[in-house]
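Here is a short walk through one helix and its surroundings, followed by a look at the cysteines. Keep the model open as you read.

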Amino acid sequence: MIYDYCGLHYLDNLSSLASKVLKRLSVLDMTYREYNEFLKRNPQEWDYLVELVTNNETYFFREENQLNELCHAVLPQFRNQPCIRIWSAACSTGEEPYSLAMTIAESGVVPLESVHILATDINKKVLQIASRGWYHEHSLCFRRTPKEMLDKYFFRQDEGFQIKRFIKDRIEFRNLNLLNNEDVAEVGKVDIIFCRNVLIYFDAAATRRVIAKFYNRLNAGGFLFLGHAETLTGMNTHFETINARTTFYYRKGGR
């Protein structure tokens, strides 16, 4: 049921799945079989289950080589474009889209006001954290954040740091299931997609479905960034692989 709903592949790791959902079963006082039927009768329960089975490990400026490549090689190709649309798919608690906006602002390659970042995730709970844009001062999400970036793009609030409004305003947060055709269609056309460290939780069939959706959402000449452990090699997609000196990513032809 989880695989059909969102593509997460636990069929070869049922012990891991059990450890994630046992507490919820205990709260509801249900067996697995009873919970299956409960999910069918109560679709809103998927919100709780998704919170349990998704992995939301992330931090600011993750895979910095890709961010550098974005600014030095990719963004210059959109200098004359009045609006640049970037999709942060599976944005978790918001560190990725905020890092994109901060990196773009810091680079000065294109005006920050010309950039619109759509940040989506299937997990509604992490989206609430992301849309608030506040992070505790001792959070590991800051483990790769230079002090000068913290000072420039955040302000101290209570026992943490709040992202500044001019960065926050560039980002739209939205709940989205990558395997849901209607959800993905509502994204519209975009120029750049970041979907990092998500496909490692999918099997080959689900990965192909998601990649096909990304290809259709990208404008001609658009770019796709995956995690460093993810690759389209052997998948027979229409993407061109770009091997830069410090990273690799993909381009849709036609521009």
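A polar contact is a pair of N or O atoms within 3.5 Å; within protein, one must be able to donate a hydrogen and the other to accept it, and residues adjacent in sequence count only if both atoms are side-chain atoms. Helices (H or I, at least four residues) and strands (E, at least two) are DSSP runs, numbered from the N terminus. The model is predicted: local features need pLDDT of at least 70, side-chain atom pairs count only at pLDDT 80 or more, and totals for chains, interfaces and linings use all residues. Residues are numbered from 1 along each chain as its sequence is written, and side-chain values use heavy atoms, with hydrogens and water left out.

Begin with helix H7, residues 124-132. At its start, a side-chain oxygen of Asn123 comes to within 2.9 Å of the backbone nitrogen of Lys125. Just after H7, Gly133 adopts a positive phi of about 75 degrees.

Which residues of H7 are buried (under 20% relative accessible area, 1.4 Å probe, protein chains only)? They are Val126, Leu127 and Ala130. Seen down the axis of H7, these buried residues fall within an arc of 105 degrees (taken from the directions from the helix axis to the C-beta atoms), so they line one face of the helix. They pack (heavy atoms within 4.5 Å) against helix H6 (95-107) and strands S2 (115-121), S3 (134-136) and S6 (171-175).

Now the cysteines. The structure holds 0 disulfides (pairs of cysteine sulfur atoms within 2.5 Å). For Cys6, the nearest cysteine sulfur is that of Cys195, 13 Å away. Cys6 is buried, at 5% relative accessibility. For Cys83, the nearest cysteine sulfur belongs to Cys71, 17 Å away. Cys83 is partly exposed (between 20% and 50%), at 39%.
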